[in-house]
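Colleague: Could you take me through the spaces enclosed by this protein, with the terms explained as we go?

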Amino acid sequence: MRITGTGHASMRIDTAAGSILCDPWVNPAYFASWFPFPDNSQLDWETLGDVDYLYVSHLHRDHFDAAHLKRYVSKKATVLLPEYPTSQLEDELRDLGFTRFFKTVSDEVHELDGGLKVMIQALISPTDGPIGDSSLWVEHDGVRVLNQNDARPTDLMRFTELGHVHAHMLQFSGAIWYPMVYELPQSAKTAFGKQKRERQFDRTWRYIDDLKASWVFPIAGPPCFLDDELWQFNDIFGDEGNIFPDQSEFVKEYAKVGGTNGVVLLPGSVSALTADSCETTHPVADLDEFFANKEEHLKAYQERQRVVIEAEKASWSHPEIDVLAGMKARIEPLLDESVRLAQGVGGPVRFDLTSPEGDVIESILVDFPGKEVRIAADEKVRYRFRTERRLIEHLLFIDEGDWVNSLFLSCRFSAARIGQYNEFVYAFFKCLSEERLQYAEGWYESQRPDAEDITVGGFSFQRRCPHLKADLTRFGIVEGNQLTCQLHGWKWNLETGRCLTSVGHEIRSERAAEPAPQPAA
Ligand code: FES
């Protein structure tokens with residue numbers, strides 16, 4: 001088996017039974033803030049993209065690069081599709097011209113032509129990626145690889161029971177905005193950043209120890225930041241609170257816990273992997289020297305990308321957009337439907353929108369308890385975000401339904417909050433569409449030990465649709481013994497619980513108890 005490093009979480013896996021390209025990412029993501037490190041744009045993508053299979057782990061834009069997939073990846077490639085609750089990944093790939101899909105079942109090994117075996121484990125909670133993240137396991141000719149990328153399964157048991165893994169690729173660096181964007185004294189930011197950096201490494205060691213692979217490949221980060229405004233986030237200043245350590249830092253830290261089997265891949269590095277050995281060649285003569293000259297590499301990369309960043313920035317302004325009206329139209333109907341998320345947020349969230357010069361020109365309140373979006377008065381808020389107005393204009397202009405996979409990951413904002421981190425705030429802004437919101441609401445609801453039943457038309461059944469968890473008090477219609485969920489039109493027989501639209505997806509249902517007879521007057 002041959003593994004070619006193609007940058008960030010991307011790699012090409014070549015076997016005698018076919019090749020798989022994983023997560024190719026080249027163009028900047030999240031408002032041109034993240035770039036792959038090291039630069040992978042000079043690779044021979046025409047050749048790399050001529051593959052038998054494509055695997056896109058999830059829809060985060062540093063894994064799903066639409067322009068690159070469209071231009072460089074063969075449309076003859078069969079997409080190995082994770083089993084996600086929504087069809088968004090498949091839909092977006094179809095829009096790019098892919099027509100061949102192999103729909104995997106999560107945690108099930110599939111044998112493809114030539115004896116190539118694959119298994120994709122899909123994670124589907126609202127906190128996993130943009131509602132979905134996954135890992136790819138591959139076996140050919142007795143050699144096994146786990147590309148865990150940035151997925152966070154609770155344990156790796158499903159993979160260990162399939163036999164010893166020879167190569168384990170996983171994330172070790174940061175991929176979030178915390179704590180850098182928080183309006184805190186620098187000393188606090190450094191302390192929180194240091195803790196975060198340590199936690200990231202600890203988590204990585206735990207996964208490595210769980211799997212006990214022969215070789216460990218640090219991948220899926222860090223990104224680099226080439227815009228002058230974000231340059232300080234690169235780990236080149238000796239800041240122990242920086243959450244974006246690079247691969248050479250991984251090797252150093254790994255050695256401290258006794259790790260000696262780390263393999264760093266640069267874009268263009270190639271590892272020849274067998275059950276007993278891993279021989280790696282690099283496109284540079286000296287790996288240590290490459291990382292020692294990181295700042296120089298970044299500066300030259302920055303110069304090459306300046307024009308790209310400027311072009312992106314020029315596309316963000318849409319002064320004709322009424323941001324208050326746009327946010328009202330997008331968010332208020334969702335606030336109305338939101339129960340668990342709105343309760344979880346528990347207070348108002350304010351957006352201070354600034355001019356490019358940094359002056360606040362508009363303050364908009366998303367009032368979760370009051371279920372409305374309005375101009376902010378002088379009131380206490382749960383969270384406050386400060387960002388350029390033109391970024392919100394752009395999100396509204398492109399009708400973006402996931403502000404985490406766009407605004408927040410861009411790190412082009414600052415934040416303040418009262419109290420602890422609140423996952424519901426970010427879960428809500430990740431779910432700015434009816435389908436996603438219903439899914440997240442239902443997911444949180446189903447995590448409660450006493451998941452609720454409702455009684456309609458003489459039947460008691462679960463409140464959340466077994467398909468994508470729509471609230472059946474809103475979307476369910478009972479006619480005779482048949483339930484229809486209007487969100488996607490799926491049907492169930494309430495006598496038997498059987499789904500009439502798709503295999504599986506039974507509903508918990510029974511005839512409602514007759515009301516007790518009233519005593520005679
Ligand atoms: S959520 Fe899709 S049919 Fe109910």
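**Cavities and the largest pocket**

Modeller: The largest cavity is lined by 16 residues, and those nearest its centre are Gly-7, His-8, Ser-10, Ile-219 and Leu-265. On a 1 Å grid over the protein atoms alone, a cavity is a set of points where a 1.4 Å probe fits but cannot get out, a pocket is an open set with protein on both sides within 12 Å along at least five of seven lines, and lining residues have an atom within 4 Å of a point. This is a predicted model, in which local features need pLDDT of at least 70 and side-chain atom pairs count only at pLDDT 80 or more, while totals for chains, interfaces and linings use all residues. Residues are numbered from 1 along each chain as its sequence is written, and side-chain values use heavy atoms, with hydrogens and water left out.

Colleague: How many charged residues are in the lining of the largest cavity?

Modeller: Ala, Val, Leu, Ile, Met, Phe, Trp, Tyr, Cys and Pro count as nonpolar, Asp, Glu, Lys and Arg as charged, and the others, Gly among them, as polar. By these classes the lining of the largest cavity has 9 nonpolar and 7 polar residues, and the number of charged ones is none.

Colleague: Which residues lie nearest the centre of the largest pocket?

Modeller: The lining of the largest pocket divides into 13 nonpolar, 8 polar and 11 charged residues. Of the 32 residues that line this pocket, those nearest its centre are Thr-127, Arg-152, Ala-175, Ile-176 and Tyr-421.
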